Amino acid sequence: MNATMGLRERKKQRTRKTISDTAITLFLQRGFDQVSVVDIATAAEVSKPTLFKYFPAKEDLVVHRFADHQTVSSTVVAERPPGVSAIDALHQHFLDGLAARDPITGLNDDEHVLAFHHLVYSTPSLVARVGQYLAQAEETLARALTDALDTDREITAALLAGQVVATERILASTNWQRIVAGRSADDVHPEAVADADHAYALLREGMAVNVWG
């Protein structure tokens, strides 16, 4: 039974990936608004109901790639080593992302990643959906901070989570702008690290260091 369920789950994952990859290829070729759900289903060789079973909205075909990052920050806080503060754990995680050229940090010059980024941020409906994902990530982080910090006021955790999410979004946007201007990720990396260090220092100073635990 477990083996059967494993096969079924893998098949679902392959189908989901095929549909998403097909959609993104078509969107990059023609533009998001010029490709219909029927076009995608036909190219992926699935029915329209099957497509919607995996992706309830057309925007989800693209923005679901951000979903994996919704719980990353909260996990970093929850699973940080003993003696490491929440802010220090988040800071180090962002620096690790820069070193790994994680696209979520904006420090990635792969042509396919850049094309995907342009697709998302040049399409209003996709920008709106990314905003929803960021809001959910902020709520998840706030819950983790409520558990992690020495405070009984949920508003404190919510404010800190909002500051972290906004800070990392601005850092990523700044890195993307440098890459789009023609610089390489390797060239930008030292500046990106310096910016991250500065930004997290401001978070520590501005939000009272003792609150972070």
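1. Start with α6 and α9. In this predicted model, α6 passes α9 in a right-handed crossing. Their axes lie 12 Å apart, and the packing angle is about 20 degrees. An angle under 35 degrees counts as roughly parallel, so α6 is roughly parallel to α9.

2. Which residues make that contact? From α6 come L90, F94 and L98. From α9 come V164, E168, L171 and N175. By class, five residues of the contact are nonpolar, one is polar and one is charged.

3. Next, α6 against α10. Here the axes are 10 Å apart and the angle is about 170 degrees. Angles over 145 degrees count as roughly antiparallel, and α6 and α10 are therefore roughly antiparallel to each other.

4. The residues of this second contact can be read off helix by helix. On the α6 side are I87, D88, L90, H91, F94, L95, L98 and A99. On the α10 side are H189, A192, V193, A196, D197, Y200, L203 and R204. The class count is eleven nonpolar, two polar and three charged residues. L90, F94 and L98 of α6 appear here, and L90, F94 and L98 also serve the contact with α9.

5. The third pairing is α9 with α10. Helix α9 covers residues 154-180 and helix α10 covers residues 185-206. Their axes come within 10 Å and cross at roughly 160 degrees. α9 and α10 are therefore roughly antiparallel to each other. The crossing is right-handed.

6. What does each helix bring to the contact of α9 with α10? α9 brings Q163, V164, T167, E168, L171, T174, N175, R178 and I179. α10 brings A185, V188, E191, A192, D195, A196, A199, Y200 and L203. Sorted by class, these are ten nonpolar, four polar and four charged residues. V164, E168, L171 and N175 of α9 take part here, and V164, E168, L171 and N175 also touch α6. On α10, A192, A196, Y200 and L203 meet α9, while A192, A196, Y200 and L203 meet α6 as well.

7. Now the chain as a whole. The secondary structure comes to ten helices and zero strands. The C-alpha atoms fill a box of roughly 55 × 50 × 30 Å along the principal axes.

8. The largest pocket holds about 1100 Å³ of space. It is lined by 37 residues, and those closest to its centre are F66, P103, I104, T105 and Y121. The lining divides into 21 nonpolar, twelve polar and four charged residues.

9. Which elements give two or more residues to that lining? They are α1 (2-30), α5 (72-78), α6 (86-99), α7 (111-121), α8 (124-148) and α9. α9 gives the most, with eight residues. So α9 is worth following in two settings: beside α6, to which it is roughly parallel, and along the largest pocket, where α9 gives eight residues to the lining.

10. The second largest pocket has about 180 Å³ of space. Its lining is R16, K17, S20, D21, H64, R65, A67 and D68. By class there are one nonpolar, two polar and five charged residues. Set that beside the lining of the largest pocket, with 21 nonpolar and four charged residues.

How values were computed. Residues are numbered from 1 along each chain as its sequence is written. This is a predicted model: local features need pLDDT of at least 70, side-chain atom pairs count only at pLDDT 80 or more; totals for chains, interfaces and linings use all residues. Side-chain values use heavy atoms; hydrogens and water are left out. Axes are lines fitted to C-alpha atoms, for helices over the stretch in contact, and angles run from 0 to 180 degrees between N-to-C directions. Helices (H or I, at least four residues) and strands (E, at least two) are DSSP runs, numbered from the N terminus. Angles under 35 degrees count as roughly parallel, over 145 as roughly antiparallel, 65 to 115 as roughly perpendicular and the rest as oblique. A crossing is left-handed if the near helix is turned anticlockwise from the far one by less than a right angle, and right-handed if clockwise. Contact means heavy atoms within 4.5 Å. Ala, Val, Leu, Ile, Met, Phe, Trp, Tyr, Cys and Pro count as nonpolar, Asp, Glu, Lys and Arg as charged, and the others, Gly among them, as polar. On a 1 Å grid over the protein atoms alone, a cavity is a set of points where a 1.4 Å probe fits but cannot get out, and a pocket is an open set with protein on both sides within 12 Å along at least five of seven lines; lining residues have an atom within 4 Å of a point. Grid points are joined across faces, edges and corners, and a volume is the space filled by probe spheres set on the points.
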